[in-house]
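Got your viewer open? Let's walk through this one stop by stop, selecting as we go.

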Amino acid sequence: PQPWRQAAGVLRGMGYDQAAQSLSIERRVRERLADNTPRFQRLVSWFLHAVADYGFNPWKTVLLSVATIVVFAALYWGGTAICGDPNLRMGSTACDGQPLFIAVQLSNVDVSAPGGYPRFDPLAYSLGAFVPLFDLGTEPYWRANAGAGEWFSVPVWLGPPAQNGRWSFSLTWSWGMTVYWLFVLERFVGAILLAIAVTGFTGLLTRDER
């Protein structure tokens, strides 16, 4: 890689920053495609290329983060459209009469005060899940209701008959479980994209070019 770095440094010194950046990105792509590059390293390299151009374009990460927040907000909104408005504390027949999101801090909020309990907002909830460092007034007050809209329930047997029947449990899935795992996925994706954005803006991902 040394000739590539030297060439990029010369171009950068001459004022051709865009050309130097393109050369640095191409070097990383060829390193990824080399026969002796481990598969996991290839995967990480491909992901960094896809979301941040290896740190040379952190604004790409920001745009992807905004798109992720909007997509998850649309999914949360779609779930509430099926199960009913959680702000009314009641669900539709499609979700067995249960709301998709339930209030979890009623004891800490004066619901009789003007404004009452913080309203559920899909976009604010999605933003709070993606950026957990800030309290946006929605995400801490609501959580997915795993019992809303059960899709199926499959009994799973764990052993021979016992005195009071079989040792078993039921594997269930529902709209609420789907939304819960969407929340977990968004938080995981958010942590990764935020870390890449921060390291991209601070230059940590491109420090080997200096």
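Leaving aside its neighbours within four places in sequence, which residues is glutamate 186 in contact with? Select glutamate 186 and look around it: apart from those sequence neighbours, the contacts are Thr68, Ile69, Phe72, Tyr76, Ser126, Ala129 and Phe130. Keep in mind as you click that this is a predicted model.

To get your bearings, glutamate 186 sits in helix H6, which covers residues 175–202. Glutamate 186 is buried, yet no salt bridge goes with it. The nearest side chain of opposite charge belongs to arginine 187, and that is 7.9 Å away. A salt bridge here needs nitrogen and oxygen within 4 Å.

**Next stop: arginine 187**

So what does arginine 187 pair with? Select glutamate 139 as well: the two side chains meet in a salt bridge, at 3.6 Å from N to O. This pair ties together distant parts of the chain, with glutamate 139 in the loop between helix H5 (122–130) and strand S2 (142–144), and arginine 187 in helix H6, 48 residues apart. Is each partner buried or exposed? Glutamate 139 counts as buried because its relative accessibility is 16%, while arginine 187, at 29%, counts as partly exposed. The cut-off for buried is under 20%.

A search of the whole structure turns up four salt bridges, so let's visit a couple more.

**Over to helix H2**

Select arginine 30 and glutamate 26. Their side chains form a salt bridge, with N and O 3.0 Å apart. Both residues are in helix H2 (residues 17–33), and since they are four residues apart, about one helical turn separates them. In general, an α-helix has 3.6 residues a turn, so residues three or four places apart point the same way. Glutamate 26 is partly exposed, its relative accessible area being 32%.

**Aspartate 53 and its neighbour**

Now go to the loop between H3 and helix H4 (58–83), where you'll find aspartate 53. Aspartate 53 makes a salt bridge with lysine 60, and the closest N and O atoms are 3.4 Å apart. Aspartate 53 is buried, with a relative accessible area of 15%, whereas lysine 60 counts as partly exposed at 26%.

Check the backbone while you're there. Aspartate 53 has a positive phi of about 50° although it is not a glycine. Then click on tyrosine 54, in the loop between H3 and H4: tyrosine 54 also isn't a glycine, and has a positive phi of about 60°. At 5% relative accessibility, tyrosine 54 counts as buried.

**Out to the surface**

Switch to a surface view and select Phe40, Leu43, Val44 and Trp46, which make a nonpolar surface patch of about 450 Å². Phenylalanine 40 belongs to helix H3 (residues 39–52). Is phenylalanine 40 buried or exposed? It counts as exposed, because its relative accessibility is 64%.

**Last stop: helix H1**

Finish with helix H1, residues 2–13, and set a distance between its end C-alpha atoms: they are 16 Å apart. What span should the twelve residues of helix H1 give at 1.5 Å a residue? The expected span is 16 Å, so the two agree. Step just past H1 to glycine 15, which takes a positive phi of about 95°.

Notes:
Residues are numbered from 1 along each chain as its sequence is written. This is a predicted model: local features need pLDDT of at least 70, side-chain atom pairs count only at pLDDT 80 or more; totals for chains, interfaces and linings use all residues. Side-chain values use heavy atoms; hydrogens and water are left out. Helices (H or I, at least four residues) and strands (E, at least two) are DSSP runs, numbered from the N terminus. The expected span of a helix is 1.5 Å times one less than its number of residues. Buried means under 20% relative accessible area, exposed over 50%, partly exposed in between (1.4 Å probe, protein chains only). Lys and Arg count as positive and Asp and Glu as negative; His and the chain ends are not counted. Contact means heavy atoms within 4.5 Å. Patches are made of residues with over 30% relative accessible area and no salt bridge: like charges are joined within 9 Å, nonpolar side chains (Val, Leu, Ile, Met, Phe, Trp, Tyr) within 5 Å. Accessible areas come from the Shrake-Rupley method with a 1.4 Å probe; for residues, only the protein chains shown count as cover.
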